[in-house]
Amino acid sequence: MNFAIIGAGGIGHKRAIAVRELGYQVVAVADIDASRALALAAEVGAKAYSNVSSLLSEPTLNTVIVSTTNNCLAGLAEQCLLSGKHVLIEKPAGRNPGEISRLREIASGSKAICRVGFNHR
């Protein structure tokens, strides 16, 4: 499996390191702050992207971890699912039940899997 990280802040960094420790590869990183995307990409040997559409066209990519601010999580996860990528989305998966229902609808109609990360219980 080849992963992308969208959101290169603290959680994105932790997820990228965990992916590598599990023996998988991070191939792409995107963040609205280009310097953060570049820094994390350099650390994990990935390519940095300034926009998600370009990141999703990465040919070897099949799984995306979305670790952005709450207001962006569902929309970015939707975009990833629609492009056929598996998604791990940080909590909360959406700001309201409608956003979460939409993700469930898209995932159930595709071969892509969408899961929510709850690493602090």
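Good morning. Setting aside neighbours within four places in sequence, aspartate 31 is in contact with Gly7, Ala8, Gly9, Arg36, Ala37 and Tyr49. Before I go on, please note that what we are looking at is a predicted model.

Let me stay with aspartate 31. Where does this residue sit? Aspartate 31 has its place in the loop between E2 and helix H2, the latter spanning 34–44. Is aspartate 31 buried or exposed? With a relative accessible area of 9%, aspartate 31 is buried, because the limit for that class is under 20%. Its side chain has polar partners on the backbone. A polar atom of the aspartate 31 side chain lies 2.6 Å from the backbone nitrogen of alanine 8. The side chain of aspartate 31 also reaches the backbone nitrogen of aspartate 33, at 2.7 Å.

Aspartate 31 leads us to the largest pocket. Which residues lie nearest the centre of that pocket? They are Gly7, Asp31, Ile32, Thr68 and Leu76, out of a lining of 16 residues. The volume of the largest pocket is about 260 Å³. By character, the lining divides into 7 nonpolar, 7 polar and 2 charged residues.

I turn next to helix H4, residues 70–82. Buried in this helix are Leu73, Ala74, Leu76, Ala77, Cys80 and Leu81. One of these, Leu76, has already appeared among the residues nearest the centre of the largest pocket. What do the buried residues of H4 pack against? Their partners are E1, helix H3 (52–56), strand E4 (63–66), E5, H5 and strand E6 (114–117). Just after H4 comes glycine 84, which takes a positive phi of about 85°.

Another residue of H4, Ala74, brings us to glycine 94. Not counting residues up to four places away in sequence, glycine 94 touches Ala74, Glu99 and Ile100. Glycine 94 lies in the loop between strand E5 (86–90) and helix H5 (97–108). Its relative accessibility is 11%, so glycine 94 counts as buried. For a sense of distance, glycine 94 and threonine 60 are 34 residues apart in sequence and 28 Å apart in space, from C-alpha to C-alpha.

Asparagine 96 also lies in the loop between E5 and H5. At 36% relative accessibility, asparagine 96 counts as partly exposed. Its side chain reaches the backbone nitrogen of glutamate 99 at 2.9 Å. Measuring again between C-alpha atoms in the model, asparagine 96 and alanine 42 stand 35 Å apart in space, with their positions 54 residues apart in sequence.My last topic is aromatic pairing. How many aromatic pairs does the model contain? The count comes to 1 aromatic pair. The rings are those of phenylalanine 3 and tyrosine 24, with centres 5.8 Å apart and planes at 55°, so the pair is tilted. This pair links distant parts of the chain, 21 residues apart: phenylalanine 3 belongs to strand E1 (residues 2–6), and tyrosine 24 to the loop between helix H1 (10–21) and strand E2 (25–30). Phenylalanine 3 is buried, at a relative accessible area of 10%, whereas tyrosine 24 is partly exposed, at 38%.

Thank you for your attention.

Note on methods. Residues numbered from 1 in each chain as written. Predicted model: local features only at pLDDT ≥ 70, side-chain atom pairs only at ≥ 80, totals over all residues. Heavy atoms only, no water. Phe/Tyr/Trp six-rings, centres within 6.5 Å; stacked < 30°, edge-to-face > 60°. Helix = DSSP H or I, 4+ residues; strand = E, 2+ residues; numbered from the N terminus. Buried < 20%, exposed > 50% of the residue type's maximum accessible area, 1.4 Å probe, protein only. Polar contact = N/O pair within 3.5 Å; in protein donor to acceptor, adjacent residues only side chain to side chain. Contact = heavy atoms within 4.5 Å. 1 Å grid on protein atoms, 1.4 Å probe; cavity = no way out; pocket = protein on both sides within 12 Å on 5 of 7 lines; lining within 4 Å. Points joined across faces, edges and corners; volume = space filled by probe spheres on them. Nonpolar A, V, L, I, M, F, W, Y, C, P; charged D, E, K, R; others polar.
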